[in-house]
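User: Hey, could you walk me through this one? I'd like to start with what counts as buried.
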Amino acid sequence: QNVDSHLCREIHAGALVRLEKAGYPVVMQTHDEAVAEVPVGWGSVEEMERLMTPTEDWARTPDGRPWPVAPKGGWRCDMYGKWEL
């Protein structure tokens, strides 16, 4: 469990750095999501998902293929919240 948690944290930390470098200022994050505040009409959820996919050399199988880990289910809205509309 500790090893799995550490690897997930490393993947997420790398994703946050890549998002920031690509112009997605992360204003909040949890153990499995990143919230970026960007101008209306700029960027895309698909690009954020691509940036959050691990690219580190250690995140590869022995034959060199990337781990089959990819974020899915991102969304865009005017205001972040966990409530029913």
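Analyst: Sure. Buried means under 20% relative accessible area, exposed means over 50%, and partly exposed is in between, using a 1.4 Å probe and protein chains only. By that cut-off tyrosine 24 is buried, at 1% relative accessibility.

User: And what are we looking at, model-wise?
Analyst: It's a predicted model, where local features need pLDDT of at least 70, side-chain atom pairs count only at pLDDT 80 or more, and totals for chains, interfaces and linings use all residues. Residues are numbered from 1 along each chain as its sequence is written, and side-chain values use heavy atoms, with hydrogens and water left out.

User: OK, aromatics. How many aromatic pairs turn up in the whole structure?
Analyst: Two. Rings of Phe, Tyr and Trp (its six-membered ring) pair if their centres lie within 6.5 Å; planes under 30 degrees apart are stacked, over 60 edge-to-face, and the rest tilted. Tyrosine 24 and tryptophan 42 have ring centres 4.7 Å apart and planes at 55 degrees, so that pair is tilted.

User: Where do tyrosine 24 and tryptophan 42 sit in the chain?
Analyst: Tyrosine 24 is in the loop between α1 (2-21) and β1 (26-29), and tryptophan 42 is in the loop between β2 (34-36) and α2 (45-52). They're 18 residues apart, so the pair links distant parts of the chain. Helices (H or I, at least four residues) and strands (E, at least two) are DSSP runs, numbered from the N terminus. Tryptophan 42 is partly exposed, with a relative accessible area of 33%.

User: What about tryptophan 58 and tryptophan 67, how are those rings arranged?
Analyst: Their centres are 5.6 Å apart with planes at 70 degrees, so that pair is edge-to-face. Tryptophan 58 is partly exposed at 39% relative accessibility, and tryptophan 67 is partly exposed at 25%.

User: Switching topic: which residues make up the largest nonpolar core?
Analyst: Eight residues: Ala15, Leu16, Leu19, Tyr24, Ala34, Met48, Leu51 and Met52. α1 and α2 each supply at least two residues of this core. A nonpolar core here is a set of buried Ala, Val, Leu, Ile, Met, Phe, Trp, Tyr and Cys residues joined through side-chain atoms within 4.5 Å.

User: What does leucine 51 touch?
Analyst: Leaving out residues up to four places away in sequence, leucine 51 touches Ala15, Arg18, Leu19, Ala22 and Tyr24. Contact means heavy atoms within 4.5 Å.

User: And how do α1 and α2 pack?
Analyst: At an angle of about 130 degrees, with their axes 8 Å apart. That makes α1 oblique to α2. From α1, the contact uses His12, Ala15, Arg18 and Leu19; from α2, Met48, Leu51 and Met52.

User: Hang on, how are the axes and the angle classes set?
Analyst: Axes are lines fitted to C-alpha atoms, for helices over the stretch in contact, and angles run from 0 to 180 degrees between N-to-C directions. Under 35 degrees is roughly parallel, over 145 roughly antiparallel, 65 to 115 roughly perpendicular, and the rest oblique.

User: Back to arginine 18: buried or exposed?
Analyst: Buried, with a relative accessible area of 17%. Arginine 18 lies in helix α1. Not counting residues up to four places away in sequence, arginine 18 touches Ile11, Leu51, Met52, Thr53, Pro54, Thr55 and Glu56.

User: And glutamate 20?
Analyst: Glutamate 20 is in helix α1 as well, but partly exposed, at 42% relative accessible area. With the same sequence exclusion, glutamate 20 touches Pro25 and Val26.
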